[in-house]
Structure formats: structure tokens, C-alpha cells
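The exercises below are to be worked with the sequence and the coordinates side by side. Each task is followed by a solution in steps.

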Amino acid sequence: MKQTSVLKRISESRLLWPLVAWIIILIFDAIVEPGFFELGIIDDPVYGKHLYGNLVDIFNNGAPLMLVAIGMTLVIATGGIDLSVGAVIAISAAMGAVLINPALGNQLITNDILTKNATNTPLPLIILADLAAGTLCGLWNGLLVSRAKIQPMVATLILMVAGRGIAQLITNGQIMTIYYTPYFWFGNGYILGLPVSIYIVAVVLLLAWLLVRKTAIGLFIESVGINAKSTYYSGINEQNVKLLAYMFCGFCGAIAGLILSSYVHSADGNNNGLNYELDAILAVVMGGTLMTGGRFSLFASVIGAVVIWTFTVTVYSLGVPANALLAAKAVLVLVVILLYSDYTRRWINRFFERRGPQHGTTN
Amino acid sequence: MTEAKNIVKMLGIAKSFPGVVALEDVDFSLRAGEIHALMGENGAGKSTLIKVLTGVEQPDQGTIELDGKLVQVRSPQHSQELGISTVYQEVNLCTNISVAENIMLGHEPYRFGSIHWRKLNELAQRAVNRLNIDIDVTQPLENYSVAIQQMVAITRALEVLSAKVLILDEPTSSLDMHETNLLFDLMRKLKNEGIGIIFITHFLAQVYQIADRITVLRNGKLVGTYETSSLPRVELVAKMLGRSLTELDALSKEKSHEEEKKDKQHLVEAKGLGRTGSLKPVDLELSASEVLGIAGSLGSGRTELAGLIFGIDTPNHGSLIVGGEKVNTFSPLESLKRGIALCPEDRKAEGIVGDLTIRENIILALQARYGWFKFLSMQKQSEIAKKYIQLLGIVTPSPEQLVRNLSGGNQQKVILARWLATNPKVLILDEPTRGIDVGAKTEIQKLVVQLAEEGKSCVFISSELEEVLRVSDRIAVLRDRTKVAEYSGNVDDQTLIHTMAGEL
């Protein structure tokens, strides 16, 4: 009896399907490319001894997507969507780059000044400005959705389009290269042999989890996503709940922008965080949160993001050219959507139901 | 015996779902030209029986005969082909296309490869005329009331799908008195034409108004089939509940005790409270320890009045005084803090949060008052949930069940529990007993009287005069978006009906 209830709890857990998907991809990798899981220790002249290998890369490169997926989960759970996170990443990256620029405020910018690996802005201020820019973007989205009552898809589409322009305005229309070593630490540094970005994800995930599960906010978000009207009638300010979700999503996008620009040593208004919103939505869907809102799991969304990056790395390591990646991803999307459709679910459930009692007797 | 022939005969029907026996050896027969009421509490098996008859579910055991021939109803489409049509509570039509298109949908006449519109409209008009429905079929369906929409659905079922058996599932629950009578006229006409009608409703009075026979189900079993004339109302209720109705009588006595108190303090005072387009100015006082009944038909402004007092809408004239202080900010949260609670009319859309658990639904309003950061511990939440599940008799195996899966009556109790948990001074109940079974209805009525006894001020809004009269100490009558009269609780129902109709 107890065994079946444990089995049932596992099969009902939101973590199950993304984990299964991940394991399937890893098994595939193990077969196709025996060296896929090799880990080594390298002694880097700048960052010291650290781990390297495909798995480390997946987590390091996937960190920005995981962050965005965390924020996107809350937005989708309220029944909304945020198409602007990619643009928010670009804005945040541009903000960082422009503040680092030691020539800030000077009329004359020489190559000499730009490349001297220094800045006049203190690093904490740069980070703060980054985060503030992202959160402000979230505030804008949130106000449009909760106060102006614009459909989330339309409301965030505005910033999705405008955001890249804003990022270009900030960097004066240029791809801005960053020459400031302390800033690179976020995307390239290591703590105890593991990439810094992994720690950042862990901290944000923990904070988000505390925020939604140790306060009433998680309950309110789910309640708004399931039935906003009933929630409002129960005395909950549903507008502020939505506002908070969009702001948090913008905040997560800002951190992702920080890591990304640090990783590539530059800010590019056109390409930073391109298509991240779509990958993040896919990660959230894989994590079992319904697009119509309601119940969500932050951990499941993060695993969804891990799956997407593992898939990406796998496709690359198979030698598929980068420009065919999107086609390969489409296959992943198709499989995920089919797996999560009611029809398939019913079919799987029926399969297990039929098998269920026999398992019981053989055990 | 000169028994008319059975057009439907179901014998020994049994159906179980995992863990539940929904029907057990149920016999049911429907004669041509009769109106047959199917009665029972929620969960008695009415809808399962209908689903078996209409092919939505396949029976585990038992046989179905149509016109004396053994049939197996494979699917809802198949049942339509066999001449069985169902008209549901929520009309299943497209409101934005014309009446004629709705009636002829899927059976449009064609000429030269395209729809022959003139003929389509002619056919539809002839169909509605035949049933004495006086409407213009070229108008969009949404221009007509729900009652007419239902009649259109019936027209489609009879004239286009040529049904011999018509199933009406709670057709009157959103109709006012006049509309109900229109529907009943139509039902009588069809009956005389030899159509067999299965009528499912929670309104006892209507059963006695129109049904020829009554079949009662309880807990998936057949209690019996009776001629309406030979089954007194009290006995019918007793059969549905499986117990006697002394409880109800006790309730009336409790109420008459209440009458004594006179020196009451006003908890809420509305002076000329109104909102353009929704409610004309209304004066109203609510005092502790009393039940104020609000009688009025749909659209009389009763829901709007409740909404203004609870702060869903902001009034634009008049004033609202709560506990001696004038209210300036209107929102559910502010009302909650002032001790006013509202169980809204539309339970599904405005009340429950279906995919949350019972526990979460119950603590929702209390948590709203505590705010975002003072989160009730899981233990405290469970305690509160368990307390109210027990107190209100919510039937569920655990507080962790999804509210969506509960019956209507239990959902209503969950919403009541949500508000009682906040310990309100004023409790406004808008149609708290709509669409729920007799047992739960009685329990909720009792609870309202009890709450008033404990010192709360209750506002009880209902379309059913009988229950308004039963629970109220005072009754305000609303008509045409304003208050037209106020009576003491012992007013007779005739006076109320005439006031509501505007003849007094």
C-alpha cells in the first residue's frame, strides 16, 4: 500500500518528466559519445584550478537560461507570459557595459581609455544599476498587465521590440567590448572548482523558493493563475501579485544579462539573450507549469532549462552546425508538446493502470 | 392498467468508477407524453444515469430499450441519432450567430453548392412558430434571454434532430418566474405531442407544478418511482435525504425565538447608496444578530447591492457607514478588514479556486488579511481547515483534495468556511443555495440562522422566496435596481411575490 503511494507521489511530481527527459538525453550521450561525461581539472592562469568538461559547460552556459526560467515560472503561474526577457537581458548587459566604460561622461573616447582594464564606477554600483534596470523593465510590464489590463502577450511584446532598441541607445548603437577583469568573474570565475554562475543560480533559486514558499506569495500567485476573479473576491490584491511576478522576472533577466555579458566580454544590443524568452517558456512548460497558470515548481523549471542546454550541447557535439540548431530544437519542442498533451498523458496513465496490479503481485 | 407505452426502459443499470459505485441496479422508464422528474441529492447518481442514457458512459451492467428494442448507446452522437436530445443548464449554442443558424446547424439546406439562406430562415421560423415561440430567427441568439436560448435549443433538438426523448438538465436554474412559466408551457405542449421529457431540477415546487411522475435516486440506488399526485412534498424530501424533515421545522422555531430582540445597533448603514447604471440609491441598515433577507428576481439589483457593500464596485452616490465610520476606499480587501464578507453568486467564477486544495481555499481570505509575509504555518492551516470541515460538515476524505472535485454544496461550504475563518461581523450570502441539493440547502439555511444567533449580521439573497422567508428576520424587496419595500420576517409569500412583480 505504502509502496504504491510513493510510486504515485513520484509519478505525480512535477520533477519526474523533466528528469526523465534529462536522463534519456544523457543516456543517448553516453552511447553516442563515450567521452561525454569526462571531467578533468585544469589549472587556469587567471581563475586557478577548476573542473572542466561537458557537464560543467552545461551548467555554466545554461545558467542565464535557468535564471530566466525561474522568473518566467512565476509570470506564467499567474496566467501571464513575458516575451521581453531576452530584451531585458540586452538592456542589463548594455547597462553594465556602459557603466564600466571608464570614459563615461567624457567627450573623448580613445581606444587607450577603453582598453585599460579599469572603470570609474564601483563594481557594486554597476551590479545594482544592472539589477535596477531589469527590475524597472519588469515594473513596466507588470503595470501594463495589471493596471492597464493589456493582454500579457501584447504588453510584453512592446518591450520585446523596444528593449533591443533601448539597449542600442544605451551603448550608442555599438557592440561595446568590456575590458574590466573583475566584471568577468561572474561569467568565467570559479569558486571551489565550480563556475560562479552555478552558485548564482543556486542563490537565486533559493531566494525565489523562500519568497514563494515561506510567504503567502506562492499561494497567491497560484490562486491568481487559477482564478483571478475568485482571488480578488477573497480580498487578495491580484494586481500587485501580478506586478511582483513581472518585476521578479525582470530582476532574473537582469542577472542573466550580467552573467552573459561578463561571459562574452561585451554587450551587443542585437544578440544578447536572443530567443531566451522562447527557451525559458519551453523550460517552464517542461517543468509542468500550465501556460494557463496555476500550480508551479521552480525546481522543475530549472531542470527544464538544464534539459534544453544538455540537448544543445549534445547537438553541437554531434557535429550539427550551429545554424541547424533551431531545427533540432524544434524536434525537442515537438516531443515535449506531444508528451505533455492530455491525449498522451491519458494513454500513459491507462498503460500504467493496466500494468499496475500485476506489478503489485510480482513484488 | 392503461399504461402508456414506455419509450425508454432502462433495467438493472450499474456503473462504477474507480473507488465509487455510481449506480447500482437502477431501473428507469419513461413513457411517451410524460414529464418525468429525476430527483436526488448531488451525488445520488442522476447525472451518471443520464450519461449512460446519452452514451457518454457505458454501463457495466443492465440494458437499455428504446421503443421496445434493445439498444446499445455508443456515443452522444449515436444517442442523438436514436432520438435522445439533451438541453443543458448552460446553453450549448453559439450566441453570436443567428437563431436560424443555431437551429439548423449541420442541417443547412443547400442550393447551387452554397447555403440556401432564405430557405434556412424559413425552415427555422416554421420550427419556432410550431412551438409557439414568438421570435425573429434572423436575429443573433445573444439578443434573446437565456430562457429563449433554451427554447431555441429545444427547438433544434425536436425539429432538426427529431428527438423523441428530451432531457432537460436544470433548465430553470437561471430563469426568473415568468421565463420559467414560458418554458413550462412549451414543455406541456411537447408532452401532449407525445414527447417524453426527463426533467432534472433542484426546485421542488417546479416538480409539483409540472411533473407527472418522479423517480428518486439516493447514493446510486433507486428509491422508487412515484406518481406526483400520490407523493406529498415532505415525503419526497424525506426520500431524497433518507431522513425526516423535523430539522426544518426546528429551524423555523429557532427563528421565532430570535424575533424578540429589538434594541439593535446598526453595523452597516447605507444611505442613498448607488452606482449609475447598476443600482439606484438604496437605504439599508444591517444590525448584529439578525438575518436580512433580500428578495428580488434576476436583474433586480440584488447582486449589485451586495457588490457595493462588499466593495467590488465603487458607489458614485450615497454613503456607506460601517461600524460608525464612513467608508472611502472600496475593495474586497478593505471590506475584509472591516469585517464584511461576501459569498458571491457565481460560485465557480467568483468563489472557488478550483485547482487549489480545500485547505488552501479555506485559508485564502484569512491569509489575504494577514498579508504576503505573515504566512500561516502549514500546521495552522491544517488546523483551520479541519476545524471548518468538521464544523460545516464538508464531505471529503482529506483537506488536501482539490475543491474542483467537490459537489456544489460542499464547494459552497468551503467558501463559507473561507469567510467564517476571518470571523466577519457581516456576512453577505448571494444565492448560497443555488444548484445544491436539499440536504446541503437545509444545512446552509440552519447555519445562517445559527450565525445570526451568535451575533453576526447576515444578508441572505435568494431567488427562492420559501427559504428567504424561512431564515429572515427582515426582508427587503428589490425591483428594477432599487429597494421598493421592507417587511418583517413574518410577511406572507403572496405579499412578497406581488411586491416583486410591482403590483403593490
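**Exercise 1. The fold of chain A**

How many helices and how many strands make up the secondary structure of chain A? Then judge its overall dimensions and packing.

Solution. The model is a predicted one.
- Step 1: chain A has 16 helices and six strands.
- Step 2: for 363 residues the globule rule gives 21 Å, and the radius of gyration of chain A is 22 Å, close to that value, so chain A is as compact as a globular protein of that length.
- Step 3: along the principal axes, the box filled by the C-alpha atoms of chain A is roughly 80 × 55 × 35 Å.
- Step 4: buried residues make up 45% of the 363 in chain A.
- Step 5: take the contacts in chain A with a separation of 6 or more; 78% of them are between residues 24 or more positions apart.

**Exercise 2. The contact between the chains**

Find how many residues each chain gives to the contact, and describe the side that belongs to chain A.

Solution.
- Step 1: chain A contributes 20 residues and chain B contributes 23 residues.
- Step 2: on the side of chain A that touches chain B, the elements giving two or more residues are helix 10 (217-226) and helix 11 (228-233) of chain A.
- Step 3: by residue class, this side of chain A holds seven nonpolar, nine polar and four charged residues.

**Exercise 3. The six-stranded sheet of chain B**

Which strands stand at the edges of the open sheet with the order 18-19-20-15-21-22 in chain B?

Solution.
- Step 1: this open sheet of six strands in chain B has mixed pairing.
- Step 2: strand 18 (340-343) and strand 22 (482-488) of chain B each have a single partner strand, so each has one side without a neighbour in the sheet, and these two are the edges.
- Step 3: from one strand to the next, the twist averages 20 degrees.
- Step 4: within the sheet, strand 19 (residues 426-430) and strand 20 (residues 457-462) of chain B are paired in the parallel sense over five bridges. B:Leu429 has B:Phe460 in strand 20 of chain B as its bridge partner.
- Step 5: helix 18 (residues 493-501) of chain B packs on the sheet and touches strand 15 (290-295), strand 21 (474-479) and strand 22 of chain B. The direction of helix 18 makes about 25 degrees with that of strand 21 of chain B.

**Exercise 4. The four-stranded sheet of chain B**

Give the pairing of the open sheet with the order 14-13-16-17 in chain B, and locate its edges.

Solution.
- Step 1: the pairing in this sheet of four strands is antiparallel.
- Step 2: the edges are strand 14 (279-287) and strand 17 (325-326) of chain B; each has a single partner strand, so one side of each lacks a neighbour in the sheet.
- Step 3: strand 13 (residues 266-275) and strand 16 (residues 317-322) of chain B run antiparallel and are joined by five bridges. Opposite B:Glu269 stands B:Ile321 of strand 16 of chain B.

**Exercise 5. Positive phi outside glycine**

Where does A:Leu192 lie, and where is the place of B:Asn219? Classify the exposure of each.

Solution.
- Step 1: A:Leu192, not a glycine, has a positive phi of about 50 degrees. A:Leu192 is in the loop between strand 4 (190-191) and strand 5 (194-195) of chain A.
- Step 2: with 8 other C-beta atoms within 10 Å, A:Leu192 is exposed.
- Step 3: B:Asn219, likewise not a glycine, has a positive phi of about 50 degrees. The loop that holds B:Asn219 runs between strand 11 (213-218) and strand 12 (221-227) of chain B.
- Step 4: B:Asn219 has 15 other C-beta atoms within 10 Å and is partly exposed.

Notes. Residues numbered from 1 in each chain as written. Chains lettered and ligands numbered in written order. Predicted model: local features only at pLDDT ≥ 70, side-chain atom pairs only at ≥ 80, totals over all residues. Contact = placed C-beta atoms within 7 Å. Nonpolar A, V, L, I, M, F, W, Y, C, P; charged D, E, K, R; others polar. Rg over C-alpha atoms; globule rule 2.2 N^0.38 Å. Buried ≥ 20, exposed ≤ 12 C-beta atoms within 10 Å, placed from the backbone. Pairing = 2+ DSSP bridges. Axes fitted to C-alpha atoms, helices over the stretch in contact; angles between N-to-C directions.
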